[in-house]
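Please consider the following structure with attention to how its helices pack, where its backbone departs from common geometry, and what space is enclosed within it. The discussion takes these topics in turn.

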Amino acid sequence: MPIHLCNTCGTSYPDSPAPPSGCPICEDERQFVPRGGQVWTTPEKLAGGHVNGWRRLETDLFEIHTHPGFGIGQRALLLRTPGGNILWDCIALLDDATELLVRALGGVQAIAISHPHYYTCMQDWARAFGCAVHLHVADADWVMRPDPAIRHWDGETLEIVAGVTLLRLGGHFPGGTVLHWADGADGRGAILSGDIVQVAADLDRVSFLWSYPNMMPLAAATVRRIAAALTPWRFERIYGAFPGRQVMAGGARAVQRSAARYDELLQGTQP
Ligand SMILES: [Zn+2]
Ligand SMILES: [Zn+2]
């Protein structure tokens with residue numbers, strides 16, 4: 001029996017003779033069901049028409065991105081550390097070539113994912129590399145395909161290997177998490193941010209939304225809280241969810257400046 005993949009968000013559902021009646025991830029207002037209705041695919045069909053492309057973002061950070069675009073179109077990031085490799089966020093396509101290349105780079109010590117939109121095929125990646133998947137417990141109800149590799153963590157921070165810490169910021173999802181990498185940017189620090197701190201088209205800005213496809217904001221107090229939660233952490237760079245979306249310098253200042261402007265706009269301060 002096949003695993004079923006939602007074509008719009010890439011979430012995987014348990015193997016069953018027929019696909020589920022709908023995708024709760026896409027039926028939520030933070031995603032959408034296409035006008036033509038729910039479409040399903042399988043990992044085999046996906047691998048038949050897609051490949052993963054790689055880009056080296058800095059010495060120990062690789063981007064893995066599926067071509068042509070599939071689902072939401074996010075990238076996964078493979079981060080190499082002396083304590084083992086971390087896969088940050090996930091993509092649906094894990095083909096033979098990707099598995100071999102990841103193994104050649106040392107495999108995966110742990111997987112961590114920013115929020116449910118990128119859970120995709122985390123179960124298959126975890127099985128291939130024999131590792132755990134760290135998800136925040138506040139989003140536990142959004143796991144559509146339970147798996148023994150999934151470890152739900154609680155609280156505000158979790159160091160998964162030395163110098164790599166998950167920070168729960170909430171916002172877009174209650175368990176919304178970013179990853180702080182102390183050695184990133186040549187020791188100046190980096191965060192890998194998914195959709196939780198979204199790197200904007202102007203690469204000196206970030207934003208924070210409840211729903212990206214439906215363009216719905218967060219409360220000002222939530223954005224202030226996210227900005228405050230990041231103030232103790234040193235980081236120069238921010239690697240967002242999508243290829244090309246990274247703040248390369250002044251990342252911490254960009255977060256504070258963008259959050260302050262967001263607050264001003266919600267208070268009605270417009271030119
Ligand atoms: Zn979906
Ligand atoms: Zn999202």
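In this predicted model, helix α3, spanning residues 96-104, packs against helix α4, residues 122-129, with the two axes 11 Å apart and at an angle of about 50 degrees. An angle of this size falls neither under 35 degrees nor within 65 to 115 degrees, and α3 and α4 are therefore oblique to each other. The crossing in which α3 passes α4 is right-handed. On the α3 side the participating residues are Thr98, Glu99, Val102 and Arg103, and these meet Trp125, Ala128 and Phe129 of α4. By class, the residues of this contact comprise four nonpolar, one polar and two charged.

A second helix pair is formed by α6 (residues 220-230) and α7 (residues 251-266), whose axes come within 9 Å and cross at roughly 165 degrees. Because angles over 145 degrees count as roughly antiparallel, α6 is assigned that orientation with respect to α7. The handedness of this crossing, in which α6 passes α7, is left-handed. From α6, the contact draws on Ala220, Val223, Arg224, Ala227 and Leu230, while α7 contributes Val255, Gln256, Ala259, Tyr262, Asp263 and Leu266. Eight nonpolar residues take part in the contact of α6 with α7, together with one polar and two charged residues.

The backbone merits attention at two loop positions. Most peptide bonds are trans, and most residues other than glycine have a negative phi. The peptide bond from His67 to Pro68, however, is cis, with omega near -15 degrees. Pro68 belongs to the loop that lies between β5 (61-67) and β6 (76-79). The other position is Asp89, which is not a glycine and yet has a positive phi of about 60 degrees. Asp89 is located in the loop between β7 (86-88) and α3, the helix already described as packing with α4.

There remains the question of enclosed space. How many cavities of 30 Å³ or more does the structure hold? There is one, and the largest cavity contains about 80 Å³ of space. Its lining is made up of Cys9, Gly10, His65, Thr66, Phe70, Gly71, Ile72, Gly73, Gln74, Ile91, Ala92 and Thr120. Classified by residue type, this lining has five nonpolar and seven polar residues, and no charged ones.

Notes:
Residues numbered from 1 in each chain as written. Chains lettered and ligands numbered in written order. Predicted model: local features only at pLDDT ≥ 70, side-chain atom pairs only at ≥ 80, totals over all residues. Heavy atoms only, no water. 1 Å grid on protein atoms, 1.4 Å probe; cavity = no way out; pocket = protein on both sides within 12 Å on 5 of 7 lines; lining within 4 Å. Points joined across faces, edges and corners; volume = space filled by probe spheres on them. Nonpolar A, V, L, I, M, F, W, Y, C, P; charged D, E, K, R; others polar. Axes fitted to C-alpha atoms, helices over the stretch in contact; angles between N-to-C directions. Helix = DSSP H or I, 4+ residues; strand = E, 2+ residues; numbered from the N terminus. Left-handed = near helix turned anticlockwise from the far one by under 90°. Contact = heavy atoms within 4.5 Å.
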